[in-house]
Amino acid sequence: MATNGKRKIFTDAVAPVVHEAAATAAVRPGALVEQSATGVAESNDASTVFGKQALFADYDILGAGDVDTSYAIGENVIFRKLPQDCTANVLVAASSNITSKGVGLASNGAGVLKIAAATGADKIIAYSDEIINTGASITLVKVKGA
């Protein structure tokens, strides 16, 4: 089980539409992903890339997976769009000190989110829905879609 007790990625009663594609690299549940013609992988988009949908990998529900087990190359990744105001537990970078709910989060370019710059230069993908310090490791954090 995840170190902070989270056992699901999408937490609303009605989950968003499911998409599936083969992993082109290892994919962690809760990671920001992007789909290409060849499959799906963790997103390497910088925080300043605007215009793309925010898609997050779910855990392997059909294969009895959990939030701590990554998809291997070639496995079918279950992923979903995070609609505005819907909640999910997604990966946030290590050393992120989220001191209040509603903190804007943007891509860090490695499949996880980071605290967005206050300047407005970063595309906000989600807003924190809990107060948490991720400490020394990438952590699942409850967020709302932007």
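**Buried contacts, cores and strand pairing in the predicted model**

Thr87 is buried, with a relative accessible area of 9%. The cut-off for a buried residue is under 20%, so a value of 9% places Thr87 in that class. The model described here is predicted. Thr87 belongs to strand β6, which covers residues 87-92. The side chain of Thr87 makes a polar contact of 2.6 Å with the side chain of Thr11. Residues up to four places away in sequence are left out of the contact list of Thr87. That list holds Phe10, Thr11, Asp12, Leu82, Asp129, Lys142, Val143 and Lys144. Thr11 thus appears both as a polar partner and in the contact list.

Two of these contacts of Thr87, Leu82 and Val143, also feature in the largest nonpolar core. This core holds 25 residues. Phe56, Leu82, Ile98, Leu113 and Val143 touch the most other members. Strands β6 and β12 (139-145) each supply at least two residues of the core. The largest share, four residues, comes from β6. A second, separate core has eleven residues. Among them are Ala23, Val33, Tyr71 and Ile78.

Ile98 belongs to the larger group of 25 residues. Beyond four places in sequence, Ile98 touches Val92, Val103, Leu105, Ile115, Ser128, Glu130, Ile131, Ile132 and Val141. One of these contacts, Glu130, is charted next.

Glu130 sits in the loop between β10 (126-128) and β11 (132-133). The relative accessible area of Glu130 is 18%. Buried means under 20%, so Glu130 counts as buried. Its side chain takes part in a polar contact of 2.9 Å with the side chain of Lys6. The side chain of Glu130 also reaches the backbone nitrogen of Lys142, at 2.7 Å. Neighbours within four places in sequence are again set aside for the contacts of Glu130. The contacts are then Lys6, Ile98, Ser100, Lys101, Leu140, Val141 and Lys142. Lys142 is also in contact with Thr87.

The loop between β5 (76-81) and β6 contains Gln84. Gln84 is exposed, at a relative accessible area of 58%. The cut-off for exposed is over 50%, which means that 58% qualifies. Gln84 and Gly145 lie 61 residues apart in sequence. In space, their C-alpha atoms are 4.2 Å apart. Gln84 touches Gly145 and Ala146, with residues up to four places away not counted.

Asp85 lies in the loop between β5 and β6. Asp85 is exposed, with 54% relative accessibility. Asp85 is not a glycine, yet its phi is positive, at about 70°. Ser95 has a positive phi of about 65° and is not a glycine either. Ser95 is found in the loop between β6 and β7 (97-98). The relative accessible area of Ser95 is 64%, and the residue is exposed.

Strand pairing was examined around β2. Strand β2 (residues 32-36) pairs with strand β4 (residues 55-57) in the antiparallel sense, over two bridges. Val33 stands opposite Leu55 in β4. Val33 is also a member of the second core. Strand β2 pairs with strand β3 (residues 39-42) as well, again in the antiparallel sense, over four bridges. Here Gln35 has Val40 in β3 as its bridge partner. A hairpin of two residues joins β2 to β3. In a regular strand, side chains alternate between the two faces of the sheet.

Definitions and conventions:
Residues numbered from 1 in each chain as written. Predicted model: local features only at pLDDT ≥ 70, side-chain atom pairs only at ≥ 80, totals over all residues. Heavy atoms only, no water. Buried < 20%, exposed > 50% of the residue type's maximum accessible area, 1.4 Å probe, protein only. Polar contact = N/O pair within 3.5 Å; in protein donor to acceptor, adjacent residues only side chain to side chain. Contact = heavy atoms within 4.5 Å. Core = buried A, V, L, I, M, F, W, Y, C linked by side-chain atoms within 4.5 Å. Pairing = 2+ DSSP bridges.
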